[in-house]
Amino acid sequence: MSSRDYLGEFEHLIVLAVLRLADEAYGVTVRQEIESRTKREVSIGAVYATLDRLEDKGYVKSHLSDPTPERGGRSKRYFEVTAKGIRAVNRMRHALQNMAEGLELIRSYP
Amino acid sequence: MTNESRIRPPQVASWLVSLFASAKDETLQGDLLEEFSLLASNSGASVAQRWYWRQTLRSIVHLFVSEFRAAPWSTAAIVVAGFFLTKILFPLPEKAIFAVIEKYRIFDSHFDLYVFFAGDGIALSHVITSMLVGCSVALAARRKEMIATGALALMFCGMTALASLVWIARGNTSMLWSTLPWNFADWIAMLSAAAVIRTLRSPETHLASSA
């Protein structure tokens, strides 16, 4: 397993957001999901730059919807997480759990 | 149709996004428009416009980096070619101006004109040369016009920053203040030329929002 198999922090957030949104995962909803859950402002450019990178790595795949007038005649690009993406999320979760194990005492620090 | 549904995003911001977004990023522009319309109807036009501008400026940085990373070697090759083209072209107008000055002995008959040509005239010729370089780089970097030209402008910006530090260290700040505005004009000229090429090439890129 190479270091490239690990997700970066923002990549991790994006994959989790796409998983949470299931069939409704496109730019707007992914951005809003991360913003509402992490309370940090996220730009749509950052979301797409990361989604493109994740698609290149094979962690997500996308398809276009039909164009709609309320979007200026533009399509929505829906995303879904691939099996490889789910494996990467699981690896991250196990790695984080292993790193956090036995660190309950840290709560006593200010 | 309600007032809210007629509110359009800032045209310049929309244009800037379309300059940096690739063809497949038309969905990004659709997303921006969708959220803008929602925000405008919920919170008002001014809040939505401020949000749109914030999103635009932050997104451009990410689009610039991701587009560069998508084809780093070909983009870097065009940037390096643009750098050498600049180095070749920049001295030419200067030589031509001084050849004319020498031939017609302008410094004897029209000293003020000589001072203008030898100072601002050369600086102006550099702005025009920068536009030519910007056009050439943009033409070579198809679909990445702003990325390649922006990277070249950033390279010159970095070199100017280094030169400025040297001038400051030597206490020659007057040189710095006389040169910096013209350098800034060179980068703007370069980017403007690339923006024109990009706009002409892409039928989807236009000032009027298609909202």
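The buried residues of helix α10 of chain B pack against α2, α8 (111-140) and α9 (145-169) of that chain, where helices are DSSP runs (H or I, at least four residues) numbered from the N terminus. Among the buried residues of α10(B) are W187(B), M190(B), L191(B) and I197(B), together with the charged D186(B) and R198(B); a residue is called buried if 20 or more other C-beta atoms, placed from the backbone, lie within 10 Å of its own.

This is a predicted model, in which local features need pLDDT of at least 70 and side-chain atom pairs count only at pLDDT 80 or more, while totals for chains, interfaces and linings use all residues. Residues are numbered from 1 along each chain as its sequence is written, and chains are lettered from A in the order in which they are written.

Helix α10(B) covers residues 173-201, and its 29 residues reach 42 Å from the first C-alpha to the last, close to the 42 Å expected at 1.5 Å a residue, the expected span being 1.5 Å times one less than the number of residues. The helix nevertheless bends by about 30° at T179(B), with P181(B) following within four residues; the bend is the angle between axes fitted to the seven residues ending there and the seven starting there.

Chain B is divided into domain 1 (3-69) and domain 2 (71-201), with bounds from an automatic or database domain assignment, and the C-alpha centres of the two domains lie 31 Å apart. Between them, 8 residues of domain 1 are in contact with 10 residues of domain 2, contact meaning that C-beta atoms placed from the backbone lie within 7 Å. On the domain 1 side, α4(B) provides the largest share, 4 residues.

Chain B also touches chain A, the contact taking 22 residues from chain B and 17 residues from chain A. On the chain B side, α3(B) gives the most, with 11 residues. The two sides divide by class as follows, with Ala, Val, Leu, Ile, Met, Phe, Trp, Tyr, Cys and Pro as nonpolar, Asp, Glu, Lys and Arg as charged, and the others, Gly among them, as polar.

| Side | Nonpolar | Polar | Charged |
|---|---|---|---|
| Domain 1 of chain B, touching domain 2 of chain B | 5 residues | 1 residue | 2 residues |
| Chain B, touching chain A | 7 residues | 9 residues | 6 residues |

The largest nonpolar core has 57 residues, and those with the most contacts inside it are I14(A), V18(A) and M190(B); such a core is a set of buried Ala, Val, Leu, Ile, Met, Phe, Trp, Tyr and Cys residues joined through C-beta atoms within 7 Å. Each domain of chain B contributes at least three residues to this core.

Terms used: Contact = placed C-beta atoms within 7 Å. Helix = DSSP H or I, 4+ residues; strand = E, 2+ residues; numbered from the N terminus. Buried ≥ 20, exposed ≤ 12 C-beta atoms within 10 Å, placed from the backbone.
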